[in-house]
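Work through these short exercises on aromatic rings with the structure open. Each task is followed by a worked solution.

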Amino acid sequence: MDRGYPHPPPSYQQQSQTATGTNNVKSQEDTNKEIRLYKNAKDRRRFEDMADLYAVIKTTQHLEKAYIRDAVSADDYTEACSRLISQFKTNEKAIDIDTLDFINEYKMDCPLAVERLLTAGVPATVMHATGRASKDKTAAVIAAEATQEFITAMDVLRLDQRAVDEVQPVISSLLNSLHKTESVAPDFDKTKIQNWLVILNGLRASEDLTDDQVRQLLLDLDSSYAAFKTCLSK
């Protein structure tokens with residue numbers, strides 16, 4: 001009997017199909033909707049810095065593998081690795097997080113990068129000499145460059161520049177210069193300088209050396225400088 005419906009009322013099945021279709025469309029729209037990890041500009045910068053840190057660590061891992069496999073020259077490796085270490089320190093300082101916790105949280109299998117970035121802090125070619133000094137440099141020039149690096153490192157500390165990001169670069173440069181002196185001072189022991197690089201790299205860039213650390217580093221630099229001059233005179 002016609003009760004005034006202009007059309008027959010929809011059946012339950014038709015209603016169910018319509019509801020299902022609407023839900024599917026809505027679900028697809030939700031799936032395609034962009035998910036934001038941040039709510040403001042500050043959070044956005046933090047996530048971008050974390051992404052940069054992740055990329056630097058992964059890139060360092062691949063670079064170390066390439067160097068081990070002799071797929072990259074020592075000079076190219078040194079330049080690229082030094083740049084990555086610098087970028088790593090900058091990103092780590094900007095985010096202010098525990099890097100090992102970050103690596104574990106995101107399940108990054110990067111043991112070579114951890115050794116290079118968190119332990120050594122310098123390219124493998126700097127920590128361990130990979131060759132003799134360039135043939136076009138005289139012994140006098142090589143010795144003079146190393147001497148200047150010693151003086152610069154000690155001056156930095158005497159001028160009360162004790163931030164890690166101020167001290168570490170000059171110690172790294174000193175060690176790099178000393179590796180080039182093997183032809184003129186083959187008996188010189190670089191262990192103290194190498195150990196200080198490891199210590200400095202274990203600190204955050206924003207940290208300052210304590211009074212005791214500055215005093216000990218100055219003493220080690222002074223004694224190493226004296227030993228270096230003795231080796232030159234032999």
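**Exercise 1: a charge and a ring**

In this predicted model, the charged end of Lys 229 lies over the Tyr 225 ring, 4.5 Å from the ring's centre. Classify Tyr 225 as buried or exposed.

Solution. Take the relative accessible area of Tyr 225: 15%. The cut-off for buried is under 20%. Tyr 225 is therefore buried.

**Exercise 2: Phe 102 and Tyr 106**

Classify the geometry of this aromatic pair, then the burial of each partner.

Solution. A ring pair is described by the distance of the centres and the angle of the planes.
- Step 1. How many aromatic pairs are there? The count is six.
- Step 2. For Phe 102 and Tyr 106, the centres are 5.0 Å apart and the planes meet at 55°. This pair is tilted.
- Step 3. Phe 102 has 4% relative accessibility, so Phe 102 is buried.
- Step 4. Tyr 106 has a relative accessible area of 37%, so Tyr 106 is partly exposed.

**Exercise 3: Phe 150 and Tyr 225**

Classify this ring pair and place both partners in the chain.

Solution.
- Step 1. The ring centres lie 5.2 Å apart, with 35° between the planes. Stacked needs under 30 degrees and edge-to-face over 60, so the pair is tilted.
- Step 2. Phe 150 belongs to helix α7 (residues 139-158) and Tyr 225 to helix α10 (residues 211-233). They are 75 residues apart, and their pair links distant parts of the chain.
- Step 3. Phe 150 is buried, at 0% relative accessibility.
- Step 4. Which residues form the cluster? Ring pairs join Phe 150, Phe 188, Tyr 225 and Phe 228.

Methods:
Residues numbered from 1 in each chain as written. Predicted model: local features only at pLDDT ≥ 70, side-chain atom pairs only at ≥ 80, totals over all residues. Heavy atoms only, no water. Phe/Tyr/Trp six-rings, centres within 6.5 Å; stacked < 30°, edge-to-face > 60°. Buried < 20%, exposed > 50% of the residue type's maximum accessible area, 1.4 Å probe, protein only. Helix = DSSP H or I, 4+ residues; strand = E, 2+ residues; numbered from the N terminus. Lys NZ or Arg CZ within 6 Å of the ring centre and 35° of its normal.
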